[in-house]
Amino acid sequence: MFTGPKLPDKEGLLGACAAPLNSKQIILMGGYSALTNDYTDNAYILTTSTKKWETKTWAKLKNGPRLDLSCASVNWNQEKYILMAGGWNNSATNTSELVSSGNERIESIMESIPFKMRSTVMGELNSQPILAGGVICTG
């Protein structure tokens, strides 16, 4: 059995998303926390060389806590970002956020995705971010 590094405060997460922040770190965002029994807006960063998770003051989701969100590493305006979209927090969301490791910030994207979606998969196709699968929600 593989045992990886434990998250801070032994927080277990359900429905979070993870993506490479850069060549040395992975970011884990959102989800439902078993520790607080609630949705979380936290983002945790794993440094692969030390195998240690940490939190950063800049790493909080701007559009609120949620689970079943999607994220992927994408090229945006000639720079590398993590794009995060959709999710669920007692209702579906159609918001998106960009994570910049170089500037250490998360910023909200003003334009909404066309549908309120959760549980999608995100990737990049022909240099364009795409969402596939998942559930389109009305509530």
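**Group meeting: salt bridges, strands and a pocket**

Let me start with one pair of side chains: E97 and R66 form a salt bridge, and their closest N and O atoms sit 3.0 Å apart. E97 belongs to strand β10, residues 96–100, while R66 is in the loop between β7 and β8 (70–76), so this pair ties together parts that are 31 residues apart in sequence. Before I go on, please keep in mind that this is a predicted model.

Now, is E97 buried or exposed? E97 is buried, because its relative accessible area is 0% and the cut-off for buried is under 20%. R66 comes out at 0% relative accessibility too, so R66 also counts as buried.

As a reminder, side chains of opposite charge can pair when their charged atoms come close. How many salt bridges does a search of the whole structure find? The answer is five. I'll show you two others.

One is between E54 and K56, where the N to O distance is 3.5 Å. E54 has a relative accessible area of 29%, which makes it partly exposed. K56 is partly exposed as well, at 29% relative accessibility.

The other one joins R105 to E107, with 2.4 Å between the closest N and O atoms. R105 is partly exposed at 32% relative accessibility, and E107 is partly exposed with a relative accessible area of 29%.

Okay, on to the nonpolar side of things. The largest nonpolar core has 16 residues, and the members that touch the most other members are I27, M29, I82 and V99. Which elements give two or more residues to this core? They are β2 (17–20), β3 (25–29), β6 (42–47), β7 (52–60) and β9 (79–85). There is also another core lying apart from this one, made of nine residues, including A72, V74, Y81 and M122.

Let's zoom in on M29. If we leave aside its neighbours within four places in sequence, M29 is in contact with A16, C17, N42, A43, L61, L69, C71, I82, M84 and V99. Notice that two of the names from a moment ago, I82 and V99, turn up in that contact list.

Now look at the strand around there, β3. Four of the five residues in β3 are buried, so we can call the strand mostly covered. What does β3 pair with? On one hand, β2 and β3 run antiparallel and are joined by four bridges. A18 is the residue that stands opposite L28 in β3. Those two strands, β2 and β3, make a hairpin with four residues between them. On the other hand, β3 also pairs with β6, again in the antiparallel sense, over five bridges. Here M29 is back, standing opposite A43 in β6, and A43 is one of the contacts of M29 as well.

If you're tracing side chains on screen, remember that in a regular strand the side chains alternate between the two faces of the sheet.

Next, the end of the chain I'd like you to rotate to is the β13 and β14 region. Strand β13 covers residues 121–125 and strand β14 covers 128–132, and they pair antiparallel over five bridges. V121 has A132 in β14 as its bridge partner. These strands form a hairpin with two residues between them, and N126 in that turn has a positive phi of about 50 degrees.

S127, found in the loop between β13 and β14, also has a positive phi, about 65 degrees, although it is not a glycine. S127 is exposed, with 53% relative accessible area. For another backbone of this kind, go to K51, whose phi is positive and near 55 degrees, again in a residue other than glycine. You'll find K51 in the loop between β6 and β7, and K51 is exposed with a relative accessible area of 57%.

Last stop, the pocket. Rolling a probe the size of a water molecule over the atoms shows where empty space is left. The largest pocket comes out at a volume of about 250 Å³. Which residues lie nearest its centre? Among the 15 that line it, those are L83, S96, I113, P114 and L131. Both β9 and β14 supply at least two residues of the lining, and β14 gives the largest share, three residues. So we end on β14, the strand that also pairs with β13.

That's it from me.

Terms used:
Residues numbered from 1 in each chain as written. Predicted model: local features only at pLDDT ≥ 70, side-chain atom pairs only at ≥ 80, totals over all residues. Heavy atoms only, no water. Core = buried A, V, L, I, M, F, W, Y, C linked by side-chain atoms within 4.5 Å. Buried < 20%, exposed > 50% of the residue type's maximum accessible area, 1.4 Å probe, protein only. Contact = heavy atoms within 4.5 Å. Salt bridge = Lys/Arg side-chain N within 4 Å of Asp/Glu carboxyl O. Pairing = 2+ DSSP bridges. 1 Å grid on protein atoms, 1.4 Å probe; cavity = no way out; pocket = protein on both sides within 12 Å on 5 of 7 lines; lining within 4 Å. Points joined across faces, edges and corners; volume = space filled by probe spheres on them.
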